[in-house]
Amino acid sequence: MDIDRIWKNTQEELKITLAPAVFQTFVSKTQLLALQNQIATIGCPNTYLVEINHKRYYQIFKNALDNQTKNDNTLKFILQEPVKPETAESTSNSPLFTYAPSKNAYSSNLNSKYTFDTLVVGNSNNFAYAAAQGIIKNPGLSYNPFFIWGGVGVGKTHLMQAIGHQLLKNYPEYKIKYFPAETFANELISALKSKSMNQFKDKYRQLDCILVDDIQFIAGKEYIQEEFFHTFNSLHLAGKQIVLTSDRKPEQIAGLEDRLVSRFMGGLTVDIQLPDYEMRVAIIRQKSEEKKISINSEAINFIANSIQSNIRDIEGQLQQIALKAQAAGVGEIDLAFIKNYFSPSSNLPPAKTPLNPRHIISVCAKHFGIKTSDLCGSNRQKELVSARHLTAYLLLTEINLPLKEVGSLLGGRDHTSIMHARDKIQSELSTNPQLHHVINQIKKSF
């Protein structure tokens, strides 16, 4: 059996084993590049997938591949470099991880850098990402409207525009328009002044998909809300896809008419939280590669621990670090350089004191209203087991404790039990947005 067939069968098995969002995020874009002497080389399109698949899903990949080959394989996850557009024809048999914007992309106001290929997926946005994949498969049917909310710089616009790019790739004939709500308002006012309302209505109501950023801007503006209401209805009744972003949930937008709140909540509403430590590491790695900044792993980990804010802030600070390194004639940015950069005299945020495992356990016990001794005990009551699973997950993801040590802290459990707890929480995160809130509430108490 050739390796393409082996990998296809392996992925089919993983599709059954893993939650849909986990499969789509971490497995679907991988490729078996070589299988020699029971060593499997698996290509991933970015360093984030290389790291996370090796760290978190190694055994799951291995079990599925071993089942197909009937051998005990060793896996190597590597970065599969994208094929440059000019060489794509000569390597047509190789898997491509490049994105070529549709001709329509330029008239749709889409930014070519905001695609799924450049989107880092982690705990803070994997539910929204999974929903976006559903929209790609069934535009206008699954999750319509799709309402994404969250704070500044968490990646709402990136995800929204990635949907637009992928729809254009799958449906080149689609008429798609990305625009901030403020643009809609300004054009409406211009149309009223120039007595060209019919043209204005046709421009927006004949589209196949609208991607509206910062919809909270129309709050309190009665006539603009009136016109957007009719535009929304016209598109929605015609089965056209509507994607909206805001900094708040629909019902929390003061001055937004009830009928719009009702329609915005008639589809799927998801939130995107600030990136966690693991995701911040992945973002810094990706941005460093994009900007060709040479920086070692220790320095990346220190930055991720020091900048606990949004993606935009992380990118801005990384750019400042690169400029300072260039001015100082530094080749590779190392831990010593970064510690100096984040020194108190720099007026930048100091590195956060590392979390203590016992403190995490104590915070989790307090959150769930149980005794620490019960959390780490042998009682198998449902509420204790759920709290224990979440505590194990946080010990693994927040401070990267080994499986064995987490098991020891939680009552002497073996590593397989801890792996099960971690995988269960990861799976639930892909389908249960409420779990994101629980985790964030606990983390705020650390």
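Student: Which residues are linked with K287 in a network of salt bridges?

Tutor: This is a predicted model, and in it one pairing of this network joins E315 to K287, with the closest N and O atoms 3.9 Å apart. That pair links distant parts of the chain, since E315 lies in helix α13 (residues 311–327) and K287 in helix α11 (residues 277–290), 28 residues apart. The residues linked with K287 in the network are E290, K291 and E315.

Student: Is K287 buried or exposed, and how does E315 count?

Tutor: A residue counts as buried under 20% relative accessible area and as partly exposed between that value and 50%. E315 has a relative accessible area of 21%, so E315 is partly exposed. K287 has a relative accessibility of 12%, and therefore K287 counts as buried.

Student: How many salt bridges does the structure hold?

Tutor: Side chains of opposite charge can pair when their charged atoms come close. Among the pairs here is E257 with R259, whose closest N and O atoms are 2.8 Å apart. For the structure, the number of salt bridges is 18.

Student: Where in the chain does D72, the salt-bridge partner of K62, lie?

Tutor: K62 and D72 form a salt bridge in which the closest N and O atoms are 2.4 Å apart. The two residues are 10 residues apart and link distant parts of the chain, with K62 in helix α4 (residues 58–69) and D72 in the loop between α4 and β3 (74–79).

Student: Which residue of the pair K62 and D72 is exposed?

Tutor: The cut-offs needed are under 20% relative accessible area for buried and over 50% for exposed. K62 has a relative accessible area of 11%, so K62 is buried. The relative accessible area of 54% therefore makes D72 the exposed residue.

Student: Is α1 parallel or oblique to α4?

Tutor: Two packed helices are described by the angle between their axes and the distance between the axes. The axes of helix α1 (residues 3–17) and α4 come within 9 Å and cross at roughly 130°. That angle is why α1 is classed, relative to α4, as oblique.

Student: How many residues of the contact of α1 with α4 are charged?

Tutor: The crossing of α1 and α4 is right-handed, and the contact is made by residues including W7, E13 and L14 of α1 together with F61, N63 and Q68 of α4. The residues of this contact divide into 7 nonpolar and 7 polar, while the number that are charged is 1.

Notes: Residues numbered from 1 in each chain as written. Predicted model: local features only at pLDDT ≥ 70, side-chain atom pairs only at ≥ 80, totals over all residues. Heavy atoms only, no water. Salt bridge = Lys/Arg side-chain N within 4 Å of Asp/Glu carboxyl O. Helix = DSSP H or I, 4+ residues; strand = E, 2+ residues; numbered from the N terminus. Buried < 20%, exposed > 50% of the residue type's maximum accessible area, 1.4 Å probe, protein only. Axes fitted to C-alpha atoms, helices over the stretch in contact; angles between N-to-C directions. Parallel < 35°, antiparallel > 145°, perpendicular 65-115°, else oblique. Left-handed = near helix turned anticlockwise from the far one by under 90°. Contact = heavy atoms within 4.5 Å. Nonpolar A, V, L, I, M, F, W, Y, C, P; charged D, E, K, R; others polar.
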